[in-house]
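This report describes the strands, sheets and helices of one model, together with the burial of selected residues. The sequence and structure are shown below.

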Amino acid sequence: MILDTINRLICQKHKTSFMLFDKNFKLLEFNESVQEVVDDEASLTFGEDIREVVWSFHGLENDMMALFEDKDKASIHIPMIFKNGFYYDLDIETLETEEGEQLFIAYFIQKSKNSIEYIEMIKEINKKTLISETSKDQERQMLLNRELISFTVDLNGIIVELNDALAYFLHLEKDKIKGSHFSTFFQTRDSLVEDKNIIFTAKNPANEIVYFNVTVLPLAQQGHVYENMIICQDISYLQQVKKKLEYVSEFDALTALPNKNYLLQEIDKHIQEHKPFVIAFIDICHFTTINKEYGYHAGDMLLKHIAKLLESMIRTEDVVARIGGDQFAILFKISHQNLVNTLKRIKQIPLNAPFIYSKEDKIDFSFYMATLQYPKETQTTKQIMEILEKKIGREKVK
């Protein structure tokens, strides 16, 4: 009782939620606060299967499978998960009972800032850090030297002074950097002008491209600028965010297949170039029933199962996409002799490759399929989905 009380107080103090489960994802223990993190609609209950809860955290499914299979892998750490207005760090660790049973405990450690406050805090830190104004304030100079790359160039762009951060980034001694033009180490299309948004790129010792936002501070004597101090702030993470946003706009998060937007763009290209193609449209039968009977996790696994099979049956130049909840489409970019055989193999997927959900459960499924040829049956991208939907509708009526 005393240990339970201490554990609860510690979790409250450090804003930590936890749940204990076994290898079959059976929930054994949890504290009340974990409810707010994982699901604010349905209540957790002891003994329930929490796979749907666990899989709701993107990427965790593969990590958990690795944790099961790799004896040397003892834990999983996923930082900065955003849930219900807060950031959490997720840690999953393995532990073994006296009887030798393997259990897993997931800790959700709440961060102190929600999304808006976090962003505003970063902005404020950047603002305070960059307000140097050629000041000789030692505290500010120390902050710059410790946190940001900074160096001074003469009016010809020659580096005359630099801080430790630049030497560390380049893995060079300071005397190897002084006397060189800044373009030896940094690339930019912009001129060094105050109050201009300047981006530098540079390669680190691992040959990775790093992006920097640059602030130029003119150093003047008696009203005449004689040097420029350059302060570089690493913004590579913003480039990563940009790439992720581009990926999300064109790819399906569950199956990693291209989505409807990507498919329609490819179709547009072919129509504009007057290239013939064939579209196959696939609609899974009674998918809602599968979700209700086995759970949403089973439905997601079935979609992944079908996606992998479809990818294995097409050529690299063709495109298979998930265009809706239970709908797929395949763009065969050029007609080829084996297309008829390929379409037959696709139709036989439910028969030849059933979905094995567990040792006890084999989920039977089926789907409707319709095909369309360009330019024989359609002339525009807008017509394609309408025609295919009508064809599928006629198949369902049969």
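Both faces of strand β1 are covered: T16, F18, L20 and D22 are buried on one side, and S17, M19 and F21 on the other. Buried here denotes a relative accessible area under 20%, exposed one over 50%, and partly exposed the range in between, with a 1.4 Å probe and protein chains only. Seven of the seven residues of β1 (residues 16-22) are buried, so the strand is largely enclosed by the rest of the structure. In a regular strand the side chains alternate between the two faces of the sheet.

The model is predicted: local features need pLDDT of at least 70 and side-chain atom pairs count only at pLDDT 80 or more, whereas totals for chains, interfaces and linings use all residues. Residues are numbered from 1 along each chain as its sequence is written, and side-chain values use heavy atoms, leaving out hydrogens and water. Helices (H or I, at least four residues) and strands (E, at least two) are DSSP runs numbered from the N terminus, and two strands pair if DSSP finds at least two bridges between them.

**Strand pairing**

The following antiparallel pairs can be set side by side.

| Strand pair | Bridges | Opposed residues |
|---|---|---|
| β1 and β5 (residues 102-110) | seven | S17 and F108 |
| β1 and β2 (residues 27-30) | three | L20 and E29 |
| β6 (residues 149-154) and β7 | three | T152 and E161 |
| β12 and β13 | five | G324 and Q327 |

The hairpin of β1 and β2 has four residues between its strands, and F25 takes a positive phi near 65° there.

**Two open sheets**

Five strands form an open sheet in the order β7-β6-β10-β9-β8, with antiparallel pairing. Its edges are β7 (159-162) and β8 (198-203), each with a single partner strand, so one side of each is left without a neighbour in the sheet. From one strand to the next, the twist averages 35°; axes are lines fitted to C-alpha atoms, for helices over the stretch in contact, and angles run from 0 to 180 degrees between N-to-C directions.

A further open sheet, of four strands, has the order β12-β13-β11-β16 and antiparallel pairing. Its edge strands, β12 (319-324) and β16, each pair on one side only. The twist in this sheet averages 20° from one strand to the next.

**Helices**

Helix α13 (residues 339-347) lies across β11, β13 and β16, running at about 160° to β16. Its residues L339, T342, L343 and I346 are buried. These residues cover an arc of only 100° around the axis, which puts them on the same side of α13; the arc is that of the directions from the helix axis to the C-beta atoms. Their cover includes β11 (277-284), α12 (296-312), β13 (327-332), α14 (349-352) and β16 (367-374), where contact means heavy atoms within 4.5 Å.

Helix α12 has 17 residues and reaches 25 Å from its first C-alpha to its last, close to the 24 Å expected at 1.5 Å a residue; the expected span is 1.5 Å times one less than the number of residues. Buried residues of α12 include H297, L302, I306 and L310.

T288 is found in helix α11 (residues 287-294) and is exposed, at 52% relative accessibility. Its C-alpha atom is separated by 9.9 Å from that of G325, 37 residues apart along the chain.

**Cysteines**

A search of the whole structure finds zero disulfides, a disulfide being a pair of cysteine sulfur atoms within 2.5 Å. C232 is buried at 2% relative accessibility, and C285 is buried with a relative accessible area of 9%.
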